[in-house]
Amino acid sequence: MLKIPVTVITGFLGSGKTSLLNHLISSYPDKKFAIIENEFGEVNIDSELVANVKNEDIFELSNGCICCSLNDELYVVLQNLIKSDHQFNHLLIETTGIADPGSILASFITDPFIKKEFELDAVICLVDAANASNILDTEIVLTKQIAVADQILINKTDVAGREKTDALKIEIANINKFARIEECVFAKPANMNLLGSFSYDPAKVYQFVLGLEANSTANSQITHGIENMCYTSTTPMDQMKLGMWLDAFLKFNQESIYRIKGILYLEGVDKRIILQSVHTQIQATVGKTWTEDDIKESKIVIIGKSLNRKVINNNLDELLVK
Ligand SMILES: Nc1nc2c(ncn2[C@@H]2O[C@H](COP(=O)(O)OP(=O)(O)OP(=O)(O)O)[C@@H](O)[C@H]2O)c(=O)[nH]1
């Protein structure tokens, strides 16, 4: 059965999320969208601002923020969407401007019911070129939104101007150097393939991880408190030890570790294992078979705050089969 692709639209307050929603709806007339709107406030205005969609295709979550209290409500809406005979072939979720999309993504990665029916296409983050650099240092949630995105739209460049936009682009790339970044006005990027990119596809982790300059055991970059590091090893890892370490590591560091992506070389396993985690939720999928010509190597990227690289490196070294 074909799964329904899901695009999560995130971005700080007023960055252009609803504008993007409208742009998607008008750009893909053949798609039958269902839309989940989460507005932080008692009155749901955003659904009124979405043009050219029937009311029955919009589902409003308005009792709180989707990332904190609303995961249950989101679950119910998704369940009802599937159980009903509602006709749709793409789901768009607009989060509140203050949402950390991590927990929403986690549901799509790990919840058996959600995973069976839905497939994450991409997380698109809108960044307000005119205002973002002023608030990046104080609004950690904006940094998180940027950090977990697969595609980033630097919006409102008409207001920001060239110099500010260029500076912001560098700041964003330092937070997330793996996402595609494009500038736009009114959330209409010229070149980005917004739907159907499946940037979130575990198979894409290959590109993500292989795109790193992983020429040392650990590289790292720090921006706005968000760091990323890469661990590599050509010694196979012990599957059982790795699983136990990962569980404990994510549990004890759930506030600080946002995302892990990796290609694993496990002892006794003839295929690559693709690892993804969002906060404490872990997903492992089977990748391509190692061939004789391949250099068998694990590459693990860890993104989070205050990474204790030395300890993590030592921990990971302990998981190697000696
Ligand atoms: N000048 C300019 N205005 C824009 C641009 N994109 C969006 N806007 C305007 O900015 C305002 C906020 O845009 P929305 O699309 O509603 O932003 P949002 O992220 O959905 O806002 P919230 O739901 O409040 O978080 C609206 O008045 C838009 O018309 C842009 O590129 N340039």
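User: Before we start, how are residues sorted into nonpolar, charged and polar here?
Analyst: Ala, Val, Leu, Ile, Met, Phe, Trp, Tyr, Cys and Pro count as nonpolar, Asp, Glu, Lys and Arg as charged, and the others, Gly among them, as polar. This is a predicted model, where local features need pLDDT of at least 70 and side-chain atom pairs count only at pLDDT 80 or more, while totals for chains, interfaces and linings use all residues. Residues are numbered from 1 along each chain as its sequence is written, and side-chain values use heavy atoms, with hydrogens and water left out.

User: OK, how does the shell around the ligand divide?
Analyst: Into 5 nonpolar, 6 polar and 5 charged residues.

User: Which residues come nearest?
Analyst: G14, K17, T18, S19 and F186, out of 16 around the ligand (a heavy atom within 4 Å).

User: Which helix gives the largest share of that shell?
Analyst: α1, with 3 residues. Helices here are DSSP runs of H or I, at least four residues, and strands are runs of E, at least two, numbered from the N terminus.

User: What polar atoms does S19 put by the ligand?
Analyst: A polar side-chain atom of S19 sits 2.6 Å from a ligand oxygen atom. For T18, a side-chain N or O atom is 2.8 Å from an oxygen atom of the ligand.

User: Switching topic: is β10 buried or exposed?
Analyst: Buried: 8 of the 8 residues of β10 (257–264) are, so the strand is largely enclosed by the rest of the structure. Buried means under 20% relative accessible area with a 1.4 Å probe, protein chains only.

User: And which strand does β10 pair with over 6 bridges?
Analyst: β13 (298–305), in the antiparallel sense; pairing takes at least two DSSP bridges. R259 has I303 of β13 as its bridge partner.

Note on methods: Buried means under 20% relative accessible area, exposed over 50%, partly exposed in between (1.4 Å probe, protein chains only). A polar contact is a pair of N or O atoms within 3.5 Å; within protein, one must be able to donate a hydrogen and the other to accept it, and residues adjacent in sequence count only if both atoms are side-chain atoms.
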